[in-house]
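Please explain the disulfides of this protein. Where do they sit in the chain, and what can be said about each one?

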Amino acid sequence: MGGVLLAACSDDEIATTPLPEITSVPTSTPASQSSSPAVSPSPTHTAVPTATAIQTVARLVPTATPTVRSETPTASPTMVPTETPSPTVISTPTATATVQPSPTDTPAPTSTATATASATATSTSTPTATNTPSPTPAPLDSIVFVENEDCVDGIRRELLSTSAMELRIGTRSIPLVIEVADEVHERRQGLMCRETVPYGTGMLFVFEESRALNFWMFNTYAQLDIVYLDDSRGVVKALTMEPCPRPDQYDDGRWRSHCSSAASGYGSGEAARYALELPAGWLASLGLDLDNLEGVEFSW
C-alpha cells in the first residue's frame, strides 16, 4: 500500500521536500526509499496519505480483529457443549459398577440348586401320589341300584365277582375293573336296575362258544357302550345302547316288545365270544371312536 501512495505523488512536490523530514518517513517505508529516494521527502504528501492510510488500515484492522476474536469465543462454547456428552460416557463406569454386583449374584446358583432340589422333591412326591391310586374296587362302591317295583322281584343287588382288565392302545395302558358274568342267571340280569355305571368299570359277558350275539336294554337305566370280542379278544363290533325302562302305562308284554324293537340294531352281526358293556362315553373320553377300535387290545 505504501508503494501505491508514493506513486500518486507529482514531481514538484518531490523537489520542495526538505531533507529533515526524510528521516521520519523511512521508518514506515524503508524499502521504498532505497528504490526511489527523491519521492519520499514530500512532507505534505506523506502526512496526508499516511493519515489516510492509517485510518484506512485502522478501520480494516479493528474489523478483522473483532472477527477473529468473535470466532474464537464462538468456537469455544461450541466445543464445550460438544464435550458435554462426556458425562454420559462417565456413566459407562456405572455400568461397569453394575457388572460388579453380578458376583454377588453368584448365590443364584444356590437358589437354582434349591429350585432343583425343590423340583426333585416335587418329582419325587409325584410318583408317590401316582403310587397311591384309589383301591381297585372303589369305582364299584359308588354303584346305586334303582328303587322301584320293576327292580324288586328276581333282581340281585350284589356285585358279581370282579377282575382287572387292561386296554392297550399303542404305548398307552388303561386299567379298569370289570364284573364277570359267566353264568346264565348273571348274564340274564346283566346291568339291569343300576342308576349309573361309573367310568373305569364295566361288565364282561362270557359265553361258552362263539356265536352271533344280540343284547337288549330291558329294565336298564344307564346308557351303555357295548364292544363285541371274538375268541382272540379282537374287536368285532362296538356301538351305543339306549336305556329302556318301563314306559308309562306299559304292561310287561308291551314293555318287552318295545325294548326288543329298540334293540334290533344292537347285535354283533358276526360270531363273538365276549361282550363288554361300558359306561357310554368312557371310550370317547380316551380319544377312541367306537366305529374304529382297530389296534385296541383288551386283556384280562
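A disulfide is taken here as a pair of cysteine sulfur atoms within 2.5 Å. The model is a predicted one, and by this rule it holds two disulfides. With the bonded cysteines numbered in sequence order, the pairing is 1-2, 3-4.

One disulfide joins Cys151 to Cys193, with an S to S distance of 2.1 Å. The pair links distant parts of the chain, 42 residues apart. Cys151 lies in the loop between α8 (138-141) and β1 (162-169), while Cys193 lies in the loop between α9 (184-189) and β3 (201-214). The torsion about the S-S bond of Cys151 and Cys193 is about -90°, so this disulfide is left-handed.

Are these two cysteines buried or exposed? Buried means under 20% relative accessible area. Cys151 has a relative accessible area of 0% and is therefore buried. Cys193, at 1% relative accessibility, counts as buried because that value is under the 20% cut-off.

The other disulfide is formed by Cys244 and Cys259, whose sulfur atoms are 2.1 Å apart. This pair also links distant parts of the chain, here 15 residues apart. Cys244 is in the loop between β5 (235-241) and α10 (252-262), whereas Cys259 is in helix α10 itself. The bond thus ties a loop residue to a helix residue. The torsion about the S-S bond is -95°, and the link of Cys244 and Cys259 is left-handed. Both Cys244 and Cys259 are buried.

Definitions and conventions
Residues are numbered from 1 along each chain as its sequence is written. This is a predicted model: local features need pLDDT of at least 70, side-chain atom pairs count only at pLDDT 80 or more; totals for chains, interfaces and linings use all residues. Side-chain values use heavy atoms; hydrogens and water are left out. Helices (H or I, at least four residues) and strands (E, at least two) are DSSP runs, numbered from the N terminus. Buried means under 20% relative accessible area, exposed over 50%, partly exposed in between (1.4 Å probe, protein chains only).
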